[in-house]
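Take a look at the chain below. Some questions about its fold, cores and backbone follow.

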Amino acid sequence: MCGIVGIVGKSYVNQALYDALTVLQHRGQDAAGIVTTQNGRLYLRKDNGLVKDVFHTRHMKELHGNIGIGHIRYPTAGSSSNAEAQPFYVNSPYGITLAHNGNLTNVEQLTKEIYEADLRHINTDSDSEVLLNVFANELAERGKLHPTEDDIFAAVAKVHQRCKGGYAAVAMITGYGLVAFRDPHGIRPVVFGQRHTDEGVEYMVASESVALDVSGFNLIRDIAPGEAIYITENGKLHTRQCASNAQLAPCIFEYVYLARPDSIIDGVSVYSARLRMGEKLADKIQRIRPDHDIDVVIPIPDTSRTAALEVATRLGIKFREGFVKNRYIGRTFIMPGQAVRKKSVRQKLNAIGQEFAGKTVLLVDDSIVRGTTCKQIIQMAREAGAKKVYFCSAAPEVRYPNVYGIDMPSAHELIAHERTVDEVADLIGADWLIYQDLDDLKDAVGGGVEKIEHFDCAVFDGHYVTGDIDASYLQHIEDERNELSKNARRGANAVIELHNN
């Protein structure tokens, strides 16, 4: 889960790119980067950290040009070093920069092909650099000094043939324009829009529609699965379907947690979808336990607030804000290490005692992944005086790894993996645990105005829509993750030993 943005404007785009990355910050807190172009020269600033910390006035002044792309990073593949910060750059052909959201599932095969057949060197562990080099090589194979839109779309078509997994990417071809494309299943989101100025029409591409809103761009639509768009330097828009087997199956977890509620993804309002999740949960509670003794519904800030409000309304129970959130602590789920996650929960939330004392409370969260956060929150509720603590998840049980760009790669880290609901309830310390049913979640998201028939629900049902994931692949990525963890611990121990000596 990362955030991408690209703009073809009529004046400098540095500020609009910065503003867009700021509102996409929820998609990643590890690193940020912007690259712009003017008169055939590239101007790049990227580093680890939040957008506000990476870009200062002196950096913004150096980002010249009317075309640019930006990225905020959430580490899934590779390390968290600043060498992994995006956008990435290759000088041949033409000079291409690229920013990517998602994960390539055949990255090892591609890396080998790139070296042995394409004669290209990969300098990092990032699959985004691999994606860039595949695109660059396919464009170079066209052999044109001046590429046309047909050449660019043909290169994207080859990318779709070679690359597997979930990906949304934006690339800038120096001297020509901006390209954006989405994998044939549309797993990761990307939209584009326009705004009219006195100088002419400007275009923006972004992971979520909210990035367009903040700069006054009007949403045109989502980039379709397998589709590519190409916007020339002078602002001419070209679109083309570049995959023969495209079928929309967006990641349903975007609607549960990842996206902002004020975004629209594949025609579906995230806010409305979360309202419907709350309706479905309330109906399930009434069905299972019509004589429940819930006194108050309390959301876990912030993602679950919309669903929790609808649960309370539909059940006719008081809705109360029982936790105060420290706005200066990042999103716990996307922090890079389990130890950091554990430490951050109590720094992030503080209970309001009067809302818990002597009451049976229903806590509503968007999902339960590792169980670390909800266990601590339930303990906080008890310490605040709650008589009973029920816990409600707006998503079904997360039982399987995610391989398309969300940090859920190891099954043994998922609390619901190979456990019953009652066993999970015991582990997190809840008196009663309620999960959303998967069919209800699908209906909540896909049953609105825009009908979506298929979703990537792999984390819930173990069905991977790309069709190339099996048990051996999952074991391989788990082994890789374990090895990375071991190396990180060795490094930390070496630093401690050096300090002690």
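The questions and answers below concern this predicted model.

Q: How many helices and strands does the protein chain have?
A: This is a predicted model. Both kinds of element occur in the protein chain. The count is 16 helices and 22 strands.

Q: Why is the protein chain called as compact as a globular protein of its length?
A: The globule rule gives 23 Å for 501 residues. The radius of gyration is close to that, so the chain is as compact as a globular protein of that length. The radius of gyration of the protein chain is 23 Å.

Q: What does the C-alpha trace span along its principal axes?
A: The span is taken along the principal axes of the protein chain. For the C-alpha trace it comes to about 75 × 60 × 45 Å.

Q: What percentage of the 501 residues is buried?
A: A residue counts as buried under 20% relative accessible area. On that basis, the buried share of the 501 residues is 57%.

Q: Among contacts between residues at least 6 apart in sequence, what share joins residues at least 24 apart?
A: Contact here means heavy atoms within 4.5 Å. Take the contacts between residues at least 6 apart in sequence. Of these, the share joining residues at least 24 apart is 70%.

Q: What part of the accessible surface belongs to carbon and sulfur atoms?
A: The accessible surface of the protein chain is about 20,400 Å². The part belonging to carbon and sulfur atoms is 47%.

Q: How far apart are the mean positions of the positive and negative charges?
A: The protein chain carries 55 positive and 65 negative charges. Each set has its own mean position. The two mean positions are separated by 4 Å.

Q: Which helix gives the largest share of the largest nonpolar core?
A: The largest nonpolar core has 60 residues. Those with the most contacts inside it include Phe-253, Tyr-255 and Met-277. A share of 6 residues, the largest, comes from residues 270-288, which form helix 9.

Q: How many residues are in the other core, the one with Leu-104 and Phe-135?
A: This core lies apart from the largest one. Tyr-176 and Tyr-230 are also among its members. Its size is 32 residues.

Q: Which elements do the buried residues of helix 14 pack against?
A: Helix 14 covers residues 438-446. Its buried residues include Leu-438, Leu-441, Ala-444 and Val-445. Met-277 is in contact with Leu-441, Ala-444 and Val-445. The buried residues of helix 14 pack against helix 8, strand 15, helix 9 and helix 15.

Q: Is Ile-294 buried or exposed?
A: Ile-294 sits in the loop between helix 9 and strand 16. Its contacts beyond four places in sequence include Ile-285, Thr-360 and Leu-362. The cut-off for buried is under 20% relative accessible area. At 8% relative accessibility, Ile-294 is buried.

Q: How far apart in space are Arg-382 and His-146, C-alpha to C-alpha?
A: Arg-382 belongs to helix 12, residues 372-383. Arg-382 is partly exposed, at 29% relative accessible area. In sequence, Arg-382 and His-146 are 236 residues apart. In space, their C-alpha atoms are 67 Å apart.

Q: What distance separates the C-alpha atoms of Asn-103 and Asn-402?
A: Asn-103 is part of strand 6. Asn-103 is buried, with a relative accessible area of 11%. Along the chain, Asn-103 and Asn-402 are 299 residues apart. Their C-alpha atoms are separated by 9.7 Å.

Q: What is omega for the peptide bond from Pro-301 to Asp-302?
A: Asp-302 lies in the loop between strand 16 and helix 10. The bond from Pro-301 to Asp-302 is cis. Its omega is near 0 degrees.

Q: Which residue is joined to Pro-87 by a cis peptide bond?
A: Pro-87 lies in the loop between strand 4 and strand 5. The cis bond has an omega of about 10 degrees. The residue joined to Pro-87 is Gln-86.

Q: What is the phi of Leu-119?
A: Leu-119 lies in the loop between helix 4 and helix 5. Leu-119 is exposed, with a relative accessible area of 73%. Leu-119 is not a glycine, yet its phi is positive, at about 60 degrees.

Terms used:
Residues numbered from 1 in each chain as written. Predicted model: local features only at pLDDT ≥ 70, side-chain atom pairs only at ≥ 80, totals over all residues. Heavy atoms only, no water. Helix = DSSP H or I, 4+ residues; strand = E, 2+ residues; numbered from the N terminus. Rg over C-alpha atoms; globule rule 2.2 N^0.38 Å. Buried < 20%, exposed > 50% of the residue type's maximum accessible area, 1.4 Å probe, protein only. Areas by Shrake-Rupley, 256 points an atom, 1.4 Å probe, with all protein chains shown as cover. Lys, Arg positive; Asp, Glu negative; His and termini not counted. Charge placed at Lys NZ, Arg CZ, Asp CG, Glu CD. Core = buried A, V, L, I, M, F, W, Y, C linked by side-chain atoms within 4.5 Å.
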